[in-house]
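I opened the notebook for a pass through one structure. I wanted the voids first, then the helices, then a few single residues.

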Amino acid sequence: MPADQQADYAAIEFQAGSVFTPGAPINERDLFSGRIQQIQSILQAISQRGYHAVMFGERGVGKTSLSNVLAAFLGRVRQNYLLPRVNCDSTDTFSSLWKKALQDIVVSKKKPGMGFNAEEIETAQSVVENLPDEITPDDVRRVLSDLSKGIVLVVVFDEFDRIQDRAVTVTMADTIKGLSDYSVSATIVLIGVADSIDDLIEGHQSVERAIVQVPMPRMSPQEIKQIVMTGLSRLKMGIAPEALDEIANLSQGLPYITHLLALQSVRAALVAKKMKIESSHVEVGMKNALDQWQQSIKTAYYQATKSQQPDNLFKEVLLACALAAIDELGYFTAASVRTPLNLITAHKYDIPTFARHLKEFSEHARGPIIERVGTARRLRYRFRSPLMRPYIVMRGFADGILSRETLKRIQEG
């Protein structure tokens, strides 16, 4: 009997939801693909006394997933380690951050028993209990110095960019400098959305010598494909090369999109009673994925493209922006929009024709859906949310504005 007829499709579909997880960061090392350079950089910082790490990049590129699997990589090189993780929020102070980090760490202490020849009594006490209400960098230095004796101690602060009080980032810089100056064998890892370390942390210029900078770029097509292949091997499913290429292209280097598309494509194949994903399943999966996108993305797209004029070009220009060539920080120019727009519309438009569209996309009336930087003749644009670009491309397919042939021509340059 063929494998497709033997499969328990309901069971595979249920399992797929735990293999491809667009709703949550990856937390299994086996399902974490690529990022070897970033992992090595962080491990090198951990292995060198006095060094700390700052990991930064766009939202959706897998920073939290990397921090989730860091323990698995640490476990390969050192069995004795402690890795508390903190999710920062906008209300956090310096004291609340460190109380979060240390609240689950319990230390044992011995005290004399009652009476002559009495045995010592061992008690367990939370580290936080011995800290003042207002914690200082020196308090942190003393605690981490004690805790790190004989173990690898790494404290991870995720979503550090969410902190509103800039004094907190300055105080954290003071802490990093103090730990480095005193050569404390503990490592702080800060993670957040930023273009550079300057956007994420402020403070002493000298703190930079103690920080390993770990930029997280978008994933390469090969890394994206590895995510899909690793997940499908868990499900004992296959995928046609062209379908794999389509998922990699549509993902635009964002693992969140990869997981969303892969999950919906798997479901589309299973509905068709197939154990191999074909291009037709990716197309169905893409349309189903649009329904599950974040409401904020859908609303922003509607706001940017709505118009009472039937012959307006807002959808086409926005799609051309999503397909424009970008630099390492995600910025594109008006000139890079021209070719995609001409291929999408099969008309020849020059920059003055759509310059006002770019201007409106960066203003309040239409979002703003993109941000604009620079001066006249040197303007650059970037989507405010990196998740917007793949959504717009998929909407282009769903609305019949974009075809596979046109996309291929744009990608071929």
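**Entry 1: the cavity**

I looked up the lining of the largest cavity and found Glu 58, Arg 218, Gly 330, Arg 382, Phe 383, Ser 385, Pro 386 and Arg 389. A cavity here is a set of points, on a 1 Å grid over the protein atoms alone, where a 1.4 Å probe fits but cannot get out; lining residues have an atom within 4 Å of a point. The volume of this largest cavity is about 40 Å³. I noted that the structure holds 1 cavity of 30 Å³ or more. Volume is the space filled by probe spheres set on the points, with grid points joined across faces, edges and corners.

I logged the ground rules too. This is a predicted model, where local features need pLDDT of at least 70, side-chain atom pairs count only at pLDDT 80 or more, and totals for chains, interfaces and linings use all residues. Residues are numbered from 1 along each chain as its sequence is written, and side-chain values use heavy atoms, with hydrogens and water left out.

**Entry 2: the pocket**

The largest pocket has a volume of about 920 Å³. Of its 41 lining residues, Glu 58, Arg 59, Gly 60, Val 61 and Lys 63 are the closest to its centre. Helix H4 (63-77), strand S7 (186-193), helix H11 (255-271), helix H13 (295-305) and strand S12 (380-383) each give two or more residues to the lining. A pocket is an open set of points with protein on both sides within 12 Å along at least five of seven lines.

**Entry 3: whole protein**

I counted 18 helices and 12 strands. These are DSSP runs numbered from the N terminus: helices are H or I of at least four residues, strands E of at least two. The C-alpha trace spans about 95 × 65 × 35 Å along its principal axes. Of the 413 residues, 49% are buried. Buried means under 20% relative accessible area, exposed over 50%, and partly exposed in between, using a 1.4 Å probe and protein chains only. Among contacts with a separation of 6 or more, 72% join residues 24 or more positions apart. Contact means heavy atoms within 4.5 Å.

**Entry 4: two covered helices**

Which residues of H14 are buried? I found Phe 314, Glu 316, Val 317, Leu 318, Leu 319, Ala 320, Cys 321, Ala 322 and Leu 323. Helix H14 (residues 314-323) has 9 of its 10 residues buried, so it is largely enclosed by the rest of the structure. Its cover includes H13, helix H15 (334-345), helix H16 (351-361), S12, H17 and helix H18 (404-411).

I turned next to H17 (residues 388-398), where 10 of 11 residues are buried. Among them are Met 388, Arg 389, Arg 395 and Phe 397. Gly 400, just after H17, takes a positive phi of about 80 degrees.

**Entry 5: two single residues**

Is Met 55 buried or exposed? Met 55 counts as buried, at 1% relative accessibility. Met 55 sits in strand S1 (residues 52-57). Beyond neighbours within four places in sequence, Met 55 is in contact with residues including Ile 42, Lys 63, Leu 190 and Met 216. I also checked Lys 287: its C-alpha lies 34 Å from that of Met 55, with their positions 232 residues apart in sequence.

Ser 403 lies in the loop between H17 and H18. Ser 403 is partly exposed, at 32% relative accessible area. The C-alpha atoms of Ser 403 and Ile 344 are 8.5 Å apart, though the two are 59 residues apart along the chain.
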